[in-house]
Amino acid sequence: MLIAIGLLSPAPPTAHPAATASNGDAALYRAIDRRVADGQGYYAAVAAEHRARDFPLKPFVAVRLPTRAWIYRLVGAQGALWALRALALLAAMAFAYRLRATIGPRLLWGGASAIAAASALPLANAVVALWPECWAGLLVALSLASRDQRRWRVAALLGLAAALFRELALPYLVAMAFAAVLERRHDEALGWAAAATAAVIALTAHASAVAAILRPGDAVSQGWVRAGGWSFDLAMARATTPLALFPTAATAVCVPLALYGWVSNSSGYTRRVTLALVTLLVPTLLIGRPENSYWGLMLAPVWLAGLPLALPAIARAVAPAATATRQLAIAR
């Protein structure tokens with residue numbers, strides 16, 4: 001059904017992060033980084049650049065959290081880029097290692113690992129690195145790969161780090177706490193809840209800091225409720241994954257199959273990947289403007305890697321029907 005909806009729906013406009021290197025958000029982030037590197041406070045730099053470019057300062061979520069800009073000031077743009085490259089490589093390696101215990105056939109495991117690497121590693125470039133969603137998405141991927149029944153604390157800390165880059169990762173923390181509750185892992189549930197609480201406190205401090213720089217005439221965001229539906233989710237995939245290299249129809253087919261692959265596997269790891277995907281994809285059926293398709297960076301490192309997992313699931317689903325057809329033919 002999702003494939004049919006994707007094929008029949010008009011292709012939505014897609015904003016590729018790398019295509020706005022000299023204007024838009026990328027130019028804004030670079031200008032803020034220069035001011036912060038020169039010693040100006042982050043929120044003063046934000047106020048100056050947002051007003052100069054007529055970017056909204058209201059509501060506070062129109063202003064990015066300061067984490068990425070502070071890292072750029074601390075280690076410089078080139079140092080931050082190398083840190084992001086290391087994070088992308090680590091996320092891809094951790095994904096491949098974790099998935100090895102989940103997928104039996106080596107060919108399927110190799111295919112999933114290759115897709116994950118092809119999705120994660122290209123994100124570590126100088127332009128995309130300006131987007132906090134890129135950092136947050138890689139941290140979420142690493143959090144998912146590092147979490148097991150014994151080592152959930154590291155995963156929770158990585159999830160918190162993701163939420164400090166972009167508040168869009170906050171629902172991921174809540175979802176992981178909910179999963180732990182369902183599994184009656186009370187200590188883990190409390191750990192994820194504590195991480196979510198810390199993220200909310202940081203977001204509250206951010207809101208307060210933004211409120212302190214506001215003026216009556218500051219621009220207000222036009223809002224994000226657009227009800228773009230499944231077409232917007234496909235636009236996120238196309239904008240932030242290797243699907244941008246293929247025809248639009250490939251996105252309509254591959255994204256539902258990748259989700260089917262994740263859902264069809266019964267391991268604890270794949271269940272949590274599925275939950276993380278649903279946590280963002282369901283709200284974006286209603287929330288998100290076409291130019292917000294870069295939000296797909298939050299999912300880009302993992303979601304297409306479910307494609308190889310769909311193959312055995314489809315085979316299992318088709319086998320009973322094929323058997324019934326043969327038996328009917330024999331009976332006739």
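The accessible surface of the chain comes to about 15,400 Å² in this predicted model. Carbon and sulfur atoms account for 69% of that surface. Of the 332 residues, 48% count as buried.

The fold is helical. The chain has 13 helices and zero strands. Its radius of gyration is 21 Å, close to the 20 Å that the globule rule gives for 332 residues, so the chain is as compact as a globular protein of that length. Along the principal axes, the C-alpha trace spans about 80 × 45 × 35 Å. Contacts between residues at least 6 apart in sequence were also examined: 76% of them join residues at least 24 apart.

Helix α7 covers residues 152-165. At 1.5 Å a residue, its 14 residues should span 20 Å. The end C-alpha atoms of α7 are 20 Å apart, which agrees with that expectation. Several α7 residues are buried, among them W152, L158, L160 and F165. Small residues also belong to the buried set, including A155, A156, G159, A162 and A163. The cover over the buried residues of α7 includes α4 (67-100) and α6 (132-146). Helices α8 (170-182) and α9 (186-213) also contribute to this cover.

A nonpolar patch lies on the surface. V225, V278, V282, L285, L286 and I287 make up this patch, with an area of about 510 Å². V282 sits in the loop between α12 (268-281) and α13 (307-331). The relative accessible area of V282 is 47%, so this residue is partly exposed, a class that lies between the buried limit of 20% and the exposed limit of 50%.

Key
Residues are numbered from 1 along each chain as its sequence is written. This is a predicted model: local features need pLDDT of at least 70, side-chain atom pairs count only at pLDDT 80 or more; totals for chains, interfaces and linings use all residues. Side-chain values use heavy atoms; hydrogens and water are left out. Helices (H or I, at least four residues) and strands (E, at least two) are DSSP runs, numbered from the N terminus. The expected span of a helix is 1.5 Å times one less than its number of residues. Buried means under 20% relative accessible area, exposed over 50%, partly exposed in between (1.4 Å probe, protein chains only). Contact means heavy atoms within 4.5 Å. Patches are made of residues with over 30% relative accessible area and no salt bridge: like charges are joined within 9 Å, nonpolar side chains (Val, Leu, Ile, Met, Phe, Trp, Tyr) within 5 Å. Accessible areas come from the Shrake-Rupley method with a 1.4 Å probe; for residues, only the protein chains shown count as cover. A salt bridge is a side-chain nitrogen of Lys or Arg within 4 Å of a carboxyl oxygen of Asp or Glu. The radius of gyration is taken over C-alpha atoms; the globule rule is 2.2 Å times the number of residues to the power 0.38.
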